[in-house]
Amino acid sequence: MLSPRKVKHRKQHKGRMRGEAQRGSQLAFGDYALKAEGCGRMTSQQIEAARIAINRKVKRGGQLWIRVFPDKSITKKPAETRMGGGKGVPDHWAAVINPGRILYELKGVPEDVAKEALRLASYKLPFPTKIIARSSTI
């Protein structure tokens, strides 16, 4: 799973997910992409599950770019613990996703294969997505 090697602070505030994505909202590398339509958190397990779904469909053909990285620590308190006693220990890592963010890009595969691979990957994610293409609309 993806996780940062080193962070300045182990625990982070929850934060808010407001507005559209400014950075990472344009196609940069590939010809086809999976774009977020809603906001949410994408855990490192979800990033990996979607990557595996894409790779299985394209049979390791073409090239895949992952445009998100889980750099936010999500904490969790143990089950059946009383309130208080401070913040929980870091449990997993997540990426904060705003609408318009490009998640995955594909290049070097036929259009129908790319569309199907990105559709399968979208089922692994907790927010609505759409498939975009550089040349024509899918």
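At 23% relative accessibility Glu48 is partly exposed, and I begin with its partner, Arg51, which at 25% relative accessibility also counts as partly exposed. The side chains of these two residues meet in a salt bridge, with 2.6 Å from N to O. Both belong to helix α1, residues 44-58, where a spacing of 3 residues separates them by about one helical turn. Please bear in mind throughout that this is a predicted model.

Let me now place that helix in the chain. The protein chain contains 2 helices and 7 strands. Read from the N terminus, the order of elements is β-β-α-β-β-β-β-α-β. Along the principal axes, the C-alpha atoms fill a box of roughly 55 × 30 × 25 Å. Of the 138 residues, 36% count as buried. The accessible surface comes to about 9100 Å², and carbon and sulfur atoms account for 48% of that surface.

How do contacts in this chain relate to separation in sequence? If one takes contacts between residues at least 6 apart in sequence, 82% of them join residues at least 24 apart.

I return to the salt bridges, of which the count comes to 5. One of them joins the side chains of Arg134 and Asp31, at 3.7 Å from N to O. Arg134 lies in the segment after β7 (129-133) and Asp31 in the segment before β1 (32-36), so this pair ties together parts that are 103 residues apart in sequence. As for accessibility, Arg134 is partly exposed, with a relative accessible area of 44%. Asp31 is likewise partly exposed, its relative accessible area being 28%.

Another salt bridge is formed by Glu37 and Lys130, whose closest N and O atoms are 4.0 Å apart. This pair, too, links distant parts of the chain: Glu37 sits in the loop between β1 and β2 (40-43), whereas Lys130 is in strand β7, and 93 residues separate them. Glu37 has a relative accessible area of 42% and is partly exposed. Lys130, at 38%, is partly exposed as well.

Next, the charges as a whole. The chain carries 29 positive and 11 negative side chains, and the centres of the two sets lie 9 Å apart. Which residues gather in a patch of positive charge on the surface? They are Arg10, Lys11, Lys14, Lys77 and Lys87. Within this group, Lys77 is placed in the loop between β4 (72-76) and β5 (89-97). Its relative accessible area is 34%, and Lys77 is therefore partly exposed.

Finally, I turn to the start of the chain and to Pro4, which is found in the segment before β1. Is Pro4 buried or exposed? Pro4 has 18% relative accessibility and counts as buried, because the limit for a buried residue is under 20%. Leaving aside neighbours within four places in sequence, Pro4 is in contact with Phe69, Pro70, Asp71 and Trp93. Pro4 and Ala94 are 90 residues apart in sequence, yet their C-alpha atoms are 10 Å apart in space.

To close, I would set two pictures side by side. In helix α1, Glu48 and Arg51 are 3 residues apart, whereas Arg134 and Asp31 tie together parts that are 103 residues apart in sequence. Thank you for your attention.

Definitions and conventions: Residues are numbered from 1 along each chain as its sequence is written. This is a predicted model: local features need pLDDT of at least 70, side-chain atom pairs count only at pLDDT 80 or more; totals for chains, interfaces and linings use all residues. Side-chain values use heavy atoms; hydrogens and water are left out. Helices (H or I, at least four residues) and strands (E, at least two) are DSSP runs, numbered from the N terminus. Buried means under 20% relative accessible area, exposed over 50%, partly exposed in between (1.4 Å probe, protein chains only). Contact means heavy atoms within 4.5 Å. Accessible areas come from the Shrake-Rupley method with a 1.4 Å probe; for residues, only the protein chains shown count as cover. Lys and Arg count as positive and Asp and Glu as negative; His and the chain ends are not counted. The place of a charge is taken as NZ of Lys, CZ of Arg, CG of Asp or CD of Glu. Patches are made of residues with over 30% relative accessible area and no salt bridge: like charges are joined within 9 Å, nonpolar side chains (Val, Leu, Ile, Met, Phe, Trp, Tyr) within 5 Å.
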